[in-house]
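Here is a short tutorial on reading a fold from its model. A learner asks, and a teacher answers.

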Amino acid sequence: MVQKTVLKVDVSCDKCKKKILKAVSGLPGVEKVEIDEAKGTLSVTGDADPYEVIMRSRKAGKFAEVVSIGPPPPPPKPDAAKKPELKPKPQPQPEPQIYGPPPPIMPQVCPCCQRLPHVVHVTRTEEPTPQCSIL
């Protein structure tokens, strides 16, 4: 049975998004995966088990909160009976230019993804050779 699973996840960078997409899209029965960065939601449509979708997203390192699980919305029906109405085109008016702050840019890597495994680099130092005590 096809169902739509919607989860709330924190997608704060491109690396997080790729990691979740890779983890969830590998499940059998997944037909469609959508991530809405603005809302912070992950939508998975298909025959995949919702429990497996949650577990895969958590294994990818993201906390997943269930928003909804249920049948997907029906596809929109085309209205063939409606005829397009012919309306006179209004004269284009020049739009005033509004300058505001630029839209937020998603960082390439978030602080959560930047954490690297602790690696200790050890350099070998040569000790000076002691004088030979036999001579």
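Q: Which residue takes a positive phi in the hairpin of strand 2 and strand 3?

A: Start with the vocabulary: strands are DSSP runs of E with at least two residues, helices are runs of H or I with at least four residues, and both are numbered from the N terminus. In this hairpin, four residues sit between the strands. Gly40 takes the positive phi, near 75°.

Q: What should I know about the model before I go on?

A: It is a predicted model: local features need pLDDT of at least 70, side-chain atom pairs count only at pLDDT 80 or more, and totals for chains, interfaces and linings use all residues. Residues are numbered from 1 along each chain as its sequence is written, and side-chain values use heavy atoms, with hydrogens and water left out.

Q: How many bridges join strand 2 to strand 3?

A: Two strands pair if DSSP finds at least two bridges between them. Here six bridges join strand 2 to strand 3, and the two run antiparallel. Glu34 has Ser43 of strand 3 as its bridge partner.

Q: What lies on the other side, between strand 1 and strand 3?

A: Six bridges join strand 1 (residues 3-8) to strand 3 (residues 41-46), again antiparallel. Ser43 in strand 3 is the bridge partner of Val6.

Q: What is the strand order of the sheet?

A: The sheet is open and has four strands in the order 2-3-1-4, with antiparallel pairing. Strand 2 (30-36) and strand 4 (65-70) are the edge strands, each pairing on one side only. For angles, axes are lines fitted to C-alpha atoms, for helices over the stretch in contact, and values run from 0 to 180 degrees between N-to-C directions. Neighbouring strands of this sheet are turned by 15° against each other on average, direction ignored.

Q: Which way do the residues of strand 3 point?

A: In a regular strand, side chains alternate between the two faces of the sheet. Thr41, Ser43 and Thr45 point one way from strand 3, while Leu42, Val44 and Gly46 point the other way. As for cover, buried means under 20% relative accessible area, exposed over 50%, and partly exposed in between (1.4 Å probe, protein chains only). Strand 3 is mostly covered, with six of its six residues buried.

Q: Is Thr45 buried or exposed?

A: Thr45 is buried, because its relative accessible area is 15%. Contact means heavy atoms within 4.5 Å. Leaving out residues up to four places away in sequence, Thr45 touches eight names worth checking on screen, including Gln3, Val30 and Pro72.

Q: Where does Gln3 lie?

A: Gln3 lies in strand 1. Gln3 is buried, at a relative accessible area of 18%. With residues up to four places away in sequence not counted, the residues touched by Gln3 include Val44, Ala48, Ile69 and Pro71.

Q: Which strands do the helices lie across?

A: Helix 1 (residues 14-25) lies across strand 2 and strand 3, running at about 160° to strand 2. Helix 2 (residues 50-59) lies across strand 1, strand 3 and strand 4, at about 30° to strand 1.

Q: Which residues of helix 1 are buried?

A: Cys16, Ile20, Ala23 and Val24 are buried in helix 1. Seen down the helix axis, the buried residues fall within an arc of 90°, so they line one face. That arc is taken from the directions from the helix axis to the C-beta atoms. The face turned away from the buried side carries the exposed Lys18 and Lys22.

Q: How many salt bridges are there?

A: Side chains of opposite charge can pair when their charged atoms come close. A salt bridge is a side-chain nitrogen of Lys or Arg within 4 Å of a carboxyl oxygen of Asp or Glu. By this rule the count comes to two. Lys17 and Glu37 meet in one, at 2.7 Å, N to O. Lys17 lies in helix 1 and Glu37 in the loop between strand 2 and strand 3, so the pair ties together parts 20 residues apart in sequence. Glu34 forms a salt bridge with Lys32, with the closest N and O atoms 3.1 Å apart.
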